[in-house]
Amino acid sequence: MSPSTPRKLGAHIAGAVLAGALVITALTGCSSPSSPDASGASKELLVWVDATRQPAAEAYAKSNPDEKITIVTVDGSKLESKLSLAARDARNAPDVVFTPNGQAIEFATKFGFSADLTDKVSASVKEGFGATLSACTQDGKLYCLPQDVSTQMLWYNQKLFAQFGYEVPTTWSDYAALAARVATEHPGYVAGSCGDGFCPNVYYRGSDCVGYDLDGKDVSITLATDKNCTRVTEMLTPLVAGKSVATLSPFDPDMATLGAESKVLMLPGFVWYGSVLFKDTFKNQNGEIAAAPLPTWPDGKKGTGAAVGGQWVVNAKTARADAAVKLIEWMTTDDATLAQAATFPAYEPAAASWVKAVVASGFYASDPTDTFLSARSDVSGDLYAPAFNILDPFTNAVAPKLKEGASLDSLVSAWQPAVQQAATDAGYTATIAK
Amino acid sequence: MTTLRPAVLSPRTARPVRPLRPRGPRRRKGSGLAWGLLSPYLVLLLAFAIVPTLSALWASLGGGSDLGLATMARAFGNISFLPALVNVASFIVVFLPALLVIATAVALLLHARAGRAVTVFKLVYYLPGVVVGAPLVLLWLFMLAPQLSPFQGLLNAFGFETASQVFTSANMPFIFAVMAIYSSVGGWIVVLCSSLDAIDTEVLEAARIDGAGAWQTAWHIKLPLVSRYIAFIGILSFAGATQLVAEPTLVGTALPGTVSSTWSLNQLTFAYAFAQNDAAAASVYAVFLVAVGVAAALFLIYGLRSYAETEEK
């Protein structure tokens with residue numbers, strides 16, 4: 001200790017006090033306003049939805065003021081990271097979550113978040129959902145209610161087809177032949193898209209290619225061995241090389257430019273492409289775009305990957321399970337609400353009302369009712385519930401190289417280890433089938 | 001993820017000749033006040049840098065269960081780790097030398113021609129620095145997408161007709177380097193100009209009397225005198241560059257399937273922490289980034305000092 005004169009000591013104290021004040025200011029400046037008392041917080045029903053479902057959720061909250069519902073809009077792409085934080089902080093965890101990307105099972109296995117709804121939803125409601133419930137089910141337990149069903153179809157520009165004198169393909173070999181013709185007869189026009197996870201989601205899953213065999217906790221990656229997968233690779237490789245199947249995501253700005261120039265001749269894809277992509281993004285005119293059933297493979301196989309759509313999940317630790325289940329049942333089954341919904345309802349009794357409202361918009365070149373309704377029967381119980389998939393690995397490991405000109409069949413060797421990694425990360429023991 | 005700010009490794013330690021420290025009672029004078037004034041910084045350093053780093057280290061060691069070998073095997077064995085390391089390294093190889101050379105060259109040029117115009121130039125160079133983060137990426141997405149760019153003709157002349165031709169994996173290190181240089185070089189030019197202004201005019205006058213021209217003055221007098229500031233810029237920029245995350249994330253969102261969602265190490269860390277819910281593996285990457293940052297800082301400080309010392313001999 002140094003001998004301090006009173007004056008020096010005063011300077012020390014003044015310095016320390018000043019510094020302490022600064023610390024306090026800095027710390028309080030950073031902290032968030034304190035939350036309401038715990039008892040008040042536990043009474044409200046905290047609901048996380050995406051922007052698309054926000055209006056319907058708010059309508060429900062308004063007509064049920066006693067439920068004290070708080071609605072927070074959470075972007076689908078950030079849901080997982082936000083939930084991973086909320087799962088560690090029970091006080092701020094939502095009671096109900098909507099996942100636009102069908103992650104209910106993932107949230108159950110990774111975070112233990114999703115509540116088991118098996119006994120909470122009545123048998124009659126379950127029946128209305130039919131096969132679409134399989135995307136919410138694992139080991140016999142129901143973890144969510146599906147909002148919508150992403151059935152697939154072949155979207156095409158009816159005006160261009162008439163102008164070029166083409167016939168709408170009904171089998172994949174017809175599709176491949178037509179796409180090859182487009183490459184030579186009308187270069188610059190697009191007959192499909194293979195530039196991100198939508199490529200395997202549409203083409204591979206449309207061929208009933210799961211990409212792996214699941215045996216308990218063991219996974220065998222079969223993208224290079226399963227005939228359902230290899231036939232898609234064989235079909236797409238020359239079409240991608242010929243450029244009529246563009247190496248662009250359907251949501252790439254370059255694709256939007258092509259769409260706006262009416263250069264998208266046909267595009268196999270989901271039921272919601274009609275409004276979200278062709279109408280709102282490509283801004284195609286009324287009477288240009290039509291939908292045909294998805295082409296079939298020789299064995300009659302058609303996409304089953306379709307069924308995973310948006311899902312409503314209840315927090316397993318919620319104090320208000322009954323109110324939460326009531327809300328998600330209303331969101332997924334109310335006829336008037338579903339008729340106005342952006343996406344095709346999973347609840348069968350509401351499907352017809354939705355299609356009626358869509359047709360009334362006058363956007364489609366021909367009545368898509370039959371195509372839309374018949375696509376529902378493609379949905380089987382054989383679905384893609386595990387906590388990993390072949391889509392993200394395609395986006396990360398295949399798409400960037402595909403865009404640089406590598407051939408699709410040569411990239412399966414990069415795709416398989418990426419799927420293996422995803423399966424390993426999800427807690428499986430993964431091998432690549434030889 | 002890394003919270004250790006390399007600023008704590010101030011380049012002051014890089015001084016070739018240390019001034020004699022005052023000894024005895026004089027040294028103690030005001031030391032209490034100094035600590036008092038330092039304490040806000042020390043508290044924040046402790047709370048937001050040292051404690052998180054130690055907790056990341058602890059988490060990466062598996063919480064002490066198995067020395068973290070399994071966690072490290074999981075983190076370093078991830079098939080995205082090596083590509084991410086190569087991606088970030090190739091970005092730094094493009095970015096860091098270009099940043100240091102441009103900042104130094106422009107600062108020396110401005111200092112050689114002092115006047116009112118120089119002040120205007122400093123402001124002009126600094127202005128792009130106000131655009132950072134997401135707006136910066138959006139700005140360059142527009143600049144480099146041939147359909148939208150004001151430089152459409154130039155891009156077309158180089159054979160780029162669509163955005164997907166510009167934003168390829170091979171071009172990414174260059175694109176991210178351009179973004180980073182654009183936003184950061186101006187600020188460093190201003191810093192270097194100030195450090196050049198601080199050089200004793202007598203030294204420069206002596207050089208002129210000895211017959212040194214502008215080039216010789218810049219190379220043999222000014223550059224050695226500001227070298228520790230350049231090292232400082234290098235340390236901060238290196239640490240920032242290893243943490244590249246916003247740019248690849250946003251480009252990947254705007255142009256789906258163009259950039260892997262685990263293109264950079266920090267993206268991979270984020271994926272482990274928030275998508276895989278595997279904080280231990282994420283901590284391994286975080287500690288790895290801290291270690292790389294500290295190693296680079298030490299190299300720049302001591303490597304440069306020994307270089308300066310050999311120069312003097």
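In the predicted model, A:Tyr156 of strand S7(A) has A:Met266 as its bridge partner in S12(A). S12(A) spans residues 266-270 and runs antiparallel to S7(A), with 5 bridges between the two strands. S7(A) also pairs with strand S13 (residues 289-293) of chain A. This second pairing is likewise antiparallel and comprises 5 bridges. Here A:Asn157 is matched with A:Ile289 of S13(A). S7(A) covers residues 152-157, and 6 of its 6 residues are buried. In a regular strand, side chains alternate between the two faces of the sheet. Both faces of S7(A) are covered. A:Gln152, A:Leu154 and A:Tyr156 are buried on one side. A:Met153, A:Trp155 and A:Asn157 are buried on the other.

A further sheet in chain A is open and has 5 strands. Its order is S2-S1-S3-S14-S6, and the pairing is mixed. Strands S2 (69-73) and S6 (145-146) of chain A stand at the edges. Each has a single partner strand, so one side of each is left without a neighbour in the sheet. Within this order, strand S3 (residues 96-99) and strand S14 (residues 311-314) of chain A are joined by 4 bridges. The two strands run antiparallel. A:Val96 finds its bridge partner in A:Val314 of S14(A).

Chain A as a whole contains 18 helices and 15 strands. Of its 434 residues, 52% are buried. Among its contacts between residues at least 6 apart in sequence, 75% join residues at least 24 apart.

Over all chains, the structure holds 13 salt bridges. One of them pairs A:Arg320 with A:Glu67, with the closest N and O atoms 2.9 Å apart. A:Arg320 lies in the loop between S14 and helix H13 (321-333) of chain A. A:Glu67 lies in the loop between helix H3 (54-63) and S2 of chain A. The pair therefore ties together parts that are 253 residues apart in sequence. Both A:Arg320 and A:Glu67 are buried.

A second salt bridge joins A:Arg376 and A:Glu348, at 3.4 Å between the closest N and O atoms. A:Arg376 is placed in the loop between helix H16 (369-375) and H17 of chain A, and A:Glu348 in helix H15 (residues 348-360) of chain A, so this pair ties together parts 28 residues apart in sequence. A:Arg376 counts as buried, at 11% relative accessibility. A:Glu348 is partly exposed, at 45%.

A:Lys78 forms a salt bridge with A:Asp75, and their closest N and O atoms are 3.8 Å apart. A:Lys78 is partly exposed, with 45% relative accessibility. A:Asp75 is also partly exposed, with 44%. In addition, A:Asp50, A:Arg53 and A:Asp148 are linked in a network of salt bridges.

The interface between the chains brings 37 residues of chain A into contact with 34 residues of chain B. The area buried between chain A and chain B is about 2,700 Å², and carbon and sulfur atoms give 59% of it. No salt bridges are found across this interface. The count of residue pairs in polar contact between the two chains is 10. On the side of chain A that touches chain B, the elements giving two or more residues are helices H1 (6-30), H4 (79-86), H5 (104-111), H11 (253-260), H17 (391-403) and H18 (408-425) of chain A. H1(A) gives the most, with 9 residues. By class, this side of chain A has 17 nonpolar, 11 polar and 9 charged residues.

Two residues of chain B were examined individually. B:Ser60 belongs to helix H2 (residues 31-60) of chain B. B:Ser60 is buried, with a relative accessible area of 3%. Its side chain reaches the backbone oxygen of B:Leu57 at 2.7 Å. Residues up to four places away in sequence aside, B:Ser60 touches B:Gly68, B:Thr71, B:Ala280, B:Ser283, B:Val284 and B:Val287.

B:His111 is located in helix H4 (residues 81-112) of chain B. B:His111 counts as buried, at 17% relative accessibility. Neighbours within four places in sequence aside, B:His111 contacts B:Leu196, B:Asp197, B:Leu204 and B:Lys222. The side chains of B:His111 and B:Lys222 are joined by a polar contact of 3.0 Å. B:Phe142 lies 31 residues from B:His111 in sequence and 34 Å from B:His111 in space, C-alpha to C-alpha.

Key. Residues are numbered from 1 along each chain as its sequence is written. Chains are lettered from A and ligands numbered from 1 in the order in which they are written. This is a predicted model: local features need pLDDT of at least 70, side-chain atom pairs count only at pLDDT 80 or more; totals for chains, interfaces and linings use all residues. Side-chain values use heavy atoms; hydrogens and water are left out. Contact means heavy atoms within 4.5 Å. Buried area is the accessible area (1.4 Å probe) that two parts lose on being put together, summed over both. A salt bridge is a side-chain nitrogen of Lys or Arg within 4 Å of a carboxyl oxygen of Asp or Glu. A polar contact is a pair of N or O atoms within 3.5 Å; within protein, one must be able to donate a hydrogen and the other to accept it, and residues adjacent in sequence count only if both atoms are side-chain atoms. Ala, Val, Leu, Ile, Met, Phe, Trp, Tyr, Cys and Pro count as nonpolar, Asp, Glu, Lys and Arg as charged, and the others, Gly among them, as polar. Buried means under 20% relative accessible area, exposed over 50%, partly exposed in between (1.4 Å probe, protein chains only). Two strands pair if DSSP finds at least two bridges between them.
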